[in-house]
Each structure stands twice: as structure tokens, then as C-alpha cells.
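Hi everyone, thanks for making time for this one. I'd like to walk you through a model and what surrounds its ligand. Let's put it on the screen.

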Amino acid sequence: MIIVMEKKATEENINKVCERLTEYGFRIQVNRGEIITVIEAFGDKTGVSQDRISALPGVKEIKVIREPFRLACRDRNPEDTVITFKNGVKIGGNEKAAFVGPCSVEDYDGLLEVAVAAKEMQCEFLRGGAFKPRTSPYDFQGYEEKALKYLKQASEATGLLTVTEVMDADDIPMISEYVDVLQVGARNMQNFKLLTAVGKSGIPVILKRGLCSTITEFLLAAEYIMYNGNPNVILCERGIRSFDNKYTRNVVDIAAIPVIKKLSHLPIILDPSHATGQRYLIEPISKAGLVVGADGLMIEVHHNPETALSDGKQSLSIPEFKEIMARLNTINGRLAYEKNCLSANVK
Ligand code: PEP
Ligand code: MN
């Protein structure tokens with residue numbers, strides 16, 4: 001709820017409204033503009049009558065923000081969020097970025113080969129799993145800190161920024177010594193303690209859409225991170241579960257990208273690798289993502305997909321990756337909207 005105070009509202013009027021809202025259990029934020037003061041009240045207090053607030057002296061109007069994801073909502077922040085990283089790389093607005101690398105970090109030389117290729121193709125981020133959320137406890141679980149060391153080393157060698165998945169809030173201090181972005185995976189999208197912890201960390205986060213999550217749930221998960229103090233959230237559409245997984249691993253919800261662009265100011269990228277599970281679909285689905293306005297792509301690339309310890313089937317080899325990147329729409333080597341597309345009109 002937003003309370004817009006009248007131009008002539010006195011300090012006493014403002015304080016009274018704040019006092020009343022606090023009594024009702026709202027968390028408040030007072031925004032003093034040059035001319036008017038706007039008070040934001042956070043909290044799900046559906047039982048509180050708005051009339052009792054609008055009746056207070058100095059209140060001009062009350063706006064109820066209908067979308068439950070208040071901080072992530074475009075109404076609140078019409079401009080696209082642009083996140084700027086330590087080396088000046090940006091994502092959001094007109095800036096797109098490519099996140100490239102193996103599903104799991106395995107050996108250093110293989111990782112470096114991928115990183116060098118990613119750099120050559122003007123990608124911005126090296127991704128690689130150190131803690132892997134595997135369905136079976138018997139599957140490869142990741143090389144943990146050793147993998148993080150390799151990521152950091154490869155970053156130092158190439159200048160790429162790095163991303164890795166965090167599964168446990170207790171690992172955040174250690175992981176953040178090594179990488180620039182924390183990834184919250186699909187399986188943890190509603191792990192609210194983890195969302196709270198990555199929120200408190202302030203480190204940029206890639207939040208992947210849960211396997212069976214609605215768009216509202218997805219944006220509310222982002223809201224947890226933002227509510228806990230971290231505005232640097234990059235959403236990632238990575239496909240959702242449906243009834244047919246014979247030919248694709250998940251169903252790519254391509255419409256979710258322009259829908260989310262309309263609803264939210266946060267950047268959203270597409271992961272065609274986990275969305276499809278098929279190498280041959282990476283190129284067409286990447287193109288589709290760019291056409292509908294994705295702010296970037298996350299693509300799994302392995303130096304030798306046949307020996308990969310996870311997700312080899314969907315990983316591109318280095319030559320395949322280079323060919324596909326060269327065919328995606330770019331401006332000065334960086335990802336760009338497809339020409340003549342309507343993506344600019346979705347907001
Ligand atoms: C990953 O990026 O390696 C991963 C496990 O993705 P998701 O959480 O989307 O399944
Ligand atoms: Mn993977």
C-alpha cells in the first residue's frame with residue numbers, strides 16, 4: 001500500500017500516519033520528495049481498513065499495489081534494473097550478457113578451454129557448478145571448494161566474471177570469496193531461508209524458475225531476495241515441467257519472458273540447455289529468447305561433453321558453441337535483440 005500525502009501535509013500529519021501504520025503492523029518507508037511525501041507500507045494486512053488511514057489528516061490518496069511482488073514490480077520501478085559488475089559489465093536495460101560453462105566444474109584445463117572460448121566469443125560470464133543439486137544421491141555431487149578455486153583461477157586467466165550455484169546458506173561466505181554471482185537453482189527457488197540469506201549477502205543472484213512454479217511464485221521468490229536487501233536479481237527461465245518430456249527435458253515457457261518484462265523491471269535470461277535438454281535445440285531456442293526480449297542466455301558448454309560428469313547430453317562442445325554464438329544476433333560481438341523483432345514493445 002502506498003500513501004500519498006497532500007502537498008500541504010505537515011510533519012505532524014506524516015508522523016501520525018506512520019504511527020498508525022506501525023500500530024497496524026506495517027513496515028514503513030517514508031519517501032520525502034521535493035513537493036510531496038509518499039509513505040510505503042509493507043506487510044500483508046488485508047484485515048486493516050484503508051478508510052481508517054485515508055481519514056487521517058494530510059492523506060491525499062492510497063494506492064494499493066495489486067501485484068504481491070511489490071519490490072520486483074514494474075509499477076514501482078518503471079525503469080529496467082541494470083546491474084553493473086566490478087569490471088563494468090552490465091545486464092538489464094539494453095545490455096545483454098552470456099553465461100557460459102560446464103554444468104559441473106571438473107578439471108582445471110577443461111574449464112580453462114571453455115573459458116578461453118567464451119572470452120573469444122565475447123561472453124561475459126563463466127558458469128560452473130561446484131555444489132550440484134542432483135536428483136539421486138549416487139550421482140556426482142560436485143567438487144565443492146576445489147571447483148570454486150578453478151573458477152577463480154579461470155576468471156583471473158580470462159577476465160570473465162563467474163557464477164556458481166549455492167545450495168546451503170552456510171556456504172555463502174565461503175563461495176563469495178571465489179565468485180561474482182550466486183545462482184539459486186530451480187530446485188531451491190522456494191527455499192525461503194536460502195532466498196533470505198542470498199538477499200542479506202547483497203551479492204548479485206541468478207534466480208532460476210522452479211520446476212513447477214508459476215510466474216507469480218517466481219517473482220515472489222525474487223521478492224524474498226529483494227525484501228532482504230538485495231536488488232541485484234537476475235531471473236532465469238529454464239523451462240517448466242509438463243506432461244511430455246519425451247523429446248525435451250522441460251517445456252520452455254517462452255512467453256514467460258515478455259510477461260515478466262511487462263510485470264517486472266528485473267533482468268531475465270533464458271537457459272536453453274536445461275529448458276530443452278537437447279544440444280540441437282540450443283540455437284533455435286536461444287534465438288527465440290532473444291526475439292522475445294531475454295536479457296541474456298545461460299548455455300552449458302563442456303570441453304568434452306561425452307565425458308561430462310553431469311548434463312553432457314545437453315552440453316555444447318567448444319566448436320559447436322563457437323558456431324552457434326557466431327550465428328546469434330550480436331552488435332559489436334555482444335548479444336542483441338533479433339533484428340525487426342517486437343521485443344521493445346512488450347513493456
Ligand atoms: C544448473 O544450472 O546447472 C542447474 C542445475 O540448473 P537448474 O537449477 O535450472 O536445473
Ligand atoms: Mn546442468
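One definition before we start: when I say domain, the bounds come from an automatic or database domain assignment. And please keep in mind that this is a predicted model.

With that in place, the assignment splits the chain into domain 1, covering 2–63, and domain 2, covering 83–346. How many Å separate the centres of domain 1 and domain 2? Taken over C-alpha atoms, the answer is 40 Å.

Now to the ligand. Which pocket does ligand 1 sit in? Ligand 1 occupies the second largest pocket. Around ligand 1 you'll find C103, R127, K132, E165, Q183, G185, A186, R187, K208, R238, H274 and E300. Sorted by class, that shell has seven charged residues, three polar and two nonpolar.

Let me point out some contacts made by oxygen atoms of ligand 1. With A186, the partner is a polar backbone atom, at 2.7 Å from a ligand oxygen. For R187, an N or O atom of the side chain lies 2.8 Å from an oxygen of ligand 1. K132 also uses an N or O atom in its side chain, here at 2.9 Å from a ligand oxygen. As for cover, ligand 1 on its own has 300 Å² of accessible area, and the protein covers 96% of that.

Last stop, the enclosed space. Searching the whole structure for cavities of 30 Å³ or more turns up one. The largest cavity holds about 50 Å³ of space. Its lining consists of P102, S104, V105, E106, D107, G110, L111, V114, H302 and H303. By class, that lining of the largest cavity has four nonpolar, four polar and two charged residues.

That's my tour, and I'm happy to take questions.

Note on methods
Residues numbered from 1 in each chain as written. Chains lettered and ligands numbered in written order. Predicted model: local features only at pLDDT ≥ 70, side-chain atom pairs only at ≥ 80, totals over all residues. Heavy atoms only, no water. Near = heavy atom within 4 Å. Polar contact = N/O pair within 3.5 Å; in protein donor to acceptor, adjacent residues only side chain to side chain. Areas by Shrake-Rupley, 256 points an atom, 1.4 Å probe, with all protein chains shown as cover. 1 Å grid on protein atoms, 1.4 Å probe; cavity = no way out; pocket = protein on both sides within 12 Å on 5 of 7 lines; lining within 4 Å. Sits in = over half its atoms within 2 Å of the grid points. Nonpolar A, V, L, I, M, F, W, Y, C, P; charged D, E, K, R; others polar. Points joined across faces, edges and corners; volume = space filled by probe spheres on them.
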